Amino acid sequence: MRAKDALGRYGEAVAERFLTEAGCVVLARNWRCRFGEADLVVRDGDAVVICEVKTRRGEEYGGPFAAVGPEKVERLRRLAQCWIDGHGAVAELRLDVIGVWVPQRGAARVEHLRGAA
């Protein structure tokens with residue numbers, strides 16, 4: 001596994017733990033449809049949440065949230081519609097971005113941007 005892929009998988013695991021500790025229930029990991037892949041799909045109360053996880057070691061490229069531009073937001077919207085098409089209507093659907101910073105030493109830092117798209 002490439003180092004970049006390993007970092008991404010680690011960030012997804014950190015994000016999943018963060019969300020479950022906050023009371024969310026994981027519905028799917030790396031869920032795929034014709035529009036791409038959702039890193040995590042969770043239930044947060046009555047809401048189904050499509051989560052994009054971005055992991056970085058530093059701020060050289062603007063940090064995790066800088067990687068979520070208009071194209072990525074549109075892809076998340078298509079993924080959300082595909083989820084609804086396959087699983088039925090939900091009371092609330094939300095698109096979140098979770099940024100994970102992994103320092104050289106110490107614990108990872110997580111930021112959760114709710115309703116990002």
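In strand 2, valine 41 is the bridge partner of alanine 28. That small detail is a good place to start a tour of this predicted model, since it leads straight into the strands.

**Strands side by side**

Strand 1 and strand 2 run antiparallel and are joined by seven bridges. The two form a hairpin, with two residues between them. Strand 2 also has strand 3 as a partner: these two run antiparallel as well, and five bridges join them. Here you can look for valine 42, whose bridge partner in strand 3 is valine 49. The hairpin of strand 2 and strand 3 has two residues between the strands, and glycine 45 in this hairpin takes a positive phi near 65°.

**Two nonpolar cores**

Now turn to the nonpolar residues. The largest nonpolar core has 14 residues, and those with the most contacts inside it are Leu19, Leu40, Val42, Cys51, Ile98 and Val100. Helix 1, strand 2, strand 3 and strand 4 are the elements that give two or more residues to this core. A second, separate core has 13 residues, among them Trp31, Ala38, Leu79 and Trp83.

Which residues does isoleucine 98 touch, leaving aside its neighbours within four places in sequence? Its contacts include Ala15, Leu19, Cys51, Val53, Phe65 and Val110, and also Glu52, Lys54, Glu111 and His112.

Valine 14 is another residue worth finding. It is found in helix 1, which covers residues 3-21. Is valine 14 buried or exposed? Its relative accessible area is 7%, so valine 14 is buried. Not counting residues up to four places away in sequence, valine 14 touches Val100, Ala108 and Val110. One of these partners shows nicely how a chain can fold back on itself: valine 14 and alanine 108 are 94 residues apart in sequence, yet 7.7 Å apart in space, C-alpha to C-alpha.

**Aromatic pairs**

Next come the rings. A pair of aromatic rings is described by the distance of the centres and the angle of the planes. How many aromatic pairs are there in this model? The count comes to two.

In one, tryptophan 31 and tryptophan 83 meet edge-to-face, at 5.1 Å centre to centre and with 75° between the planes. This pair links distant parts of the chain: tryptophan 31 is in strand 1 (residues 25-33) and tryptophan 83 is in helix 2 (residues 70-87), 52 residues apart. Both tryptophan 31 and tryptophan 83 are buried.

Phenylalanine 65 and tryptophan 101 form an edge-to-face pair too, at 5.9 Å centre to centre and with 70° between the planes. Phenylalanine 65 lies in the loop between strand 3 and helix 2, while tryptophan 101 lies in strand 4 (residues 92-101), 36 residues apart. Phenylalanine 65 has 24% relative accessibility, so it counts as partly exposed. Tryptophan 101, in contrast, is buried because its relative accessible area is 10%, the cut-off for buried being under 20%. The ring of tryptophan 101 has company from a charged residue as well: arginine 109 lies over its face, at 4.0 Å from the ring centre.

**Salt bridges**

Charged side chains also meet each other. The structure holds eleven salt bridges, and the table lists some of them.

| Residues | Closest N to O distance |
|---|---|
| Aspartate 44 and arginine 94 | 3.0 Å |
| Glutamate 52 and lysine 54 | 3.4 Å |
| Arginine 78 and glutamate 74 | 4.0 Å |

Aspartate 44 forms a salt bridge with arginine 94. Aspartate 44 lies in strand 2 (residues 36-44) and arginine 94 in strand 4, so this pair ties together parts that are 50 residues apart in sequence. Arginine 94 counts as buried because its relative accessibility is 14%. Asp44 and Arg94 also belong to a network of salt bridges that links them with Asp96 and Arg114.

In the bridge of glutamate 52 and lysine 54, glutamate 52 is buried, with a relative accessible area of 3%. Lysine 54 is buried too, with a relative accessible area of 14%.

Arginine 78 and glutamate 74 both lie in helix 2, four residues apart, which is about one turn of the helix. Arginine 78 is partly exposed, with a relative accessible area of 34%, and glutamate 74 counts as partly exposed at 36% relative accessibility.

Conventions: Residues are numbered from 1 along each chain as its sequence is written. This is a predicted model: local features need pLDDT of at least 70, side-chain atom pairs count only at pLDDT 80 or more; totals for chains, interfaces and linings use all residues. Side-chain values use heavy atoms; hydrogens and water are left out. Rings of Phe, Tyr and Trp (its six-membered ring) pair if their centres lie within 6.5 Å; planes under 30 degrees apart count as stacked, over 60 as edge-to-face and the rest as tilted. Buried means under 20% relative accessible area, exposed over 50%, partly exposed in between (1.4 Å probe, protein chains only). A charge sits over a ring if NZ of Lys or CZ of Arg is within 6 Å of the ring centre and within 35 degrees of the ring normal. Contact means heavy atoms within 4.5 Å. Two strands pair if DSSP finds at least two bridges between them. A nonpolar core is a set of buried Ala, Val, Leu, Ile, Met, Phe, Trp, Tyr and Cys residues joined through side-chain atoms within 4.5 Å.
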